[in-house]
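User: I would like to go through this model in a few questions, from the whole chain down to single residues.

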Amino acid sequence: MIPKRKKDSYKADYGRVLVIGGNEDMGGAIILTASAAVYSGAGLVTVATAKVNHTALHARLPEAMVFDMYNEDCLLKKLSTATVIVIGPGLGLSSESLAILKSVLKTVTKEQRLIIDGSAITLMAKNNLKTPVAITTYTPHLGEWRKLSHLKPAEQNETLNIQARKELKAAVVLKQSRTEIYFLDEVWKNTHGNPAMATGGMGDTLAGMIAGFSAQFKNNRSAIITAVFLHSKIGDDLAKKQYVVLPSQIIERIPTEMKEFSTMFIF
C-alpha cells in the first residue's frame with residue numbers, strides 16, 4: 001500500500017500535519033508523535049505544545065515547526081491549513097486542555113483528517129463531546145476504550161465494539177496485544193505485535209505514524225492499516241534481539257521499512 005514518490009514533487013505534495021499536545025509534564029509524548037509523523041514522510045509537521053517543550057523539540061527534531069498550544073489565535077490559523085490533525089498525546093486533562101480540544105472540534109472541516117489520541121480520548125468521554133465533521137479516527141487502548149464505549153472489559157467483544165463504533169461515527173484503532181481496527185463496514189485484526197513493545201510512548205508513536213501516512217495516502221483506510229501493521233512489524237523485528245523495544249527505535253526504522261515495502265501503486 002505504500003506508494004513510491006513521484007519524480008517531480010515537493011514537500012507540500014505530502015501533506016501538512018499538525019500535532020497538538022505535550023503539556024508541561026508530558027512533552028515526550030508529543031515529541032514522539034511528531035517524530036513518527038516526520039519519519040513517516042509527512043511533508044510538513046507543525047507541533048502545538050507547551051513553551052517548556054520547545055527547546056527539547058528543536059534539539060530532537062529540527063525538521064518540525066513549533067508554537068505555543070495555548071495561543072488560540074495561532075492554533076486556529078494552523079488548524080485551517082492542516083491536512084491531518086493529531087490531538088491528545090500528553091495533552092493532559094486540565095481546563096486549558098479541554099478548551100484546546102473544544103476549539104479543534106469546532107474548527108475542523110469535513111475534508112480534514114483528525115486523529116484523537118491519549119488525553120483527548122479521556123476528555124471526549126468525560127465531557128460527552130461528540131465526534132466532529134472531520135474524517136475522524138480514535139486510537140484508544142483498552143482502558144480508554146472502556147471510557148469511550150462504556151463497555152466493561154468483559155463486554156469488549158467484536159459485536160459490541162462494532163456497535164460502539166457506529167455510535168461514535170468514526171474509525172477506531174483499538175490498541176492491544178493484537179490491535180483491531182474498526183471501520184464502517186469491516187474489522188481488521190493485526191497479525192503482529194509482541195510484549196517487548198509494552199512500554200510508554202508506543203501509542204504516541206503509532207498516532208504519529210497514522211498521521212504521517214494519512215497525510216500522504218489518498219485512501220485513509222489504507223493509511224491506517226499500513227501504519228498499524230508497520231508499527232508492529234518493526235517492533236517484532238527488533239524484539240528478536242531485544243528484551244524491550246523503545247518507541248524511538250521504531251521511529252528510526254520507519255523510512256527504511258517504507259522504502260522496502262513501497263510499490264508503484266498509488267492509493
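The questions and answers below concern a predicted model.

User: How many helices and strands does the protein chain have?
Analyst: The model is predicted. Its secondary structure mixes both types of element, and the protein chain comes to 10 helices and 9 strands.

User: What radius of gyration does the protein chain have, and why does it count as compact?
Analyst: For 267 residues the globule rule gives 18 Å. The value for this chain is close to that, so the chain is as compact as a globular protein of that length. The C-alpha atoms fill a box of roughly 45 × 45 × 35 Å along the principal axes. The radius of gyration is 17 Å.

User: What share of the contacts with a separation of 6 or more comes from residues 24 or more positions apart?
Analyst: Contact here means heavy atoms within 4.5 Å. Among the contacts in the protein chain with a separation of 6 or more, residues 24 or more positions apart account for 66%.

User: How far apart are the centres of the positive and negative side chains?
Analyst: The protein chain carries 32 positive and 24 negative side chains. The centres of these two sets lie apart by 4 Å.

User: Is helix α1 largely enclosed or left open by the rest of the structure, and how many of its residues are buried?
Analyst: Helix α1 covers residues 27-39 and reaches 18 Å from its first C-alpha to its last, close to the 18 Å expected. Its buried residues include G27, I30, L32 and V38. Helix α1 is largely enclosed by the rest of the structure, because the buried residues number 11 of the 13.

User: Which elements do the buried residues of α1 pack against?
Analyst: A36 is one of the buried residues in α1. The partners of this buried set comprise both strands and helices: β1 (16-20), β2 (44-49), α2 (54-60), β4 (84-87), α8 (202-216) and α10 (247-261).

User: Which residue just after α1 takes a positive phi?
Analyst: Helix α1 ends at residue 39. Just after α1, a phi of about 105 degrees is taken by G41.

User: Is V133 buried or exposed?
Analyst: V133 sits in the loop between α5 (119-126) and β6 (135-138). The cut-off for exposed is over 50% relative accessible area. V133 has 58% relative accessibility and therefore counts as exposed.

User: Which residues does V133 touch, leaving out residues up to four places away in sequence?
Analyst: A36 is not a close neighbour in sequence: V133 and A36 are 97 residues apart, and 25 Å apart in space, C-alpha to C-alpha. Beyond four places in sequence, V133 touches V108, T109 and K110.

Definitions and conventions: Residues are numbered from 1 along each chain as its sequence is written. This is a predicted model: local features need pLDDT of at least 70, side-chain atom pairs count only at pLDDT 80 or more; totals for chains, interfaces and linings use all residues. Side-chain values use heavy atoms; hydrogens and water are left out. Helices (H or I, at least four residues) and strands (E, at least two) are DSSP runs, numbered from the N terminus. The radius of gyration is taken over C-alpha atoms; the globule rule is 2.2 Å times the number of residues to the power 0.38. Lys and Arg count as positive and Asp and Glu as negative; His and the chain ends are not counted. The place of a charge is taken as NZ of Lys, CZ of Arg, CG of Asp or CD of Glu. Buried means under 20% relative accessible area, exposed over 50%, partly exposed in between (1.4 Å probe, protein chains only). The expected span of a helix is 1.5 Å times one less than its number of residues.
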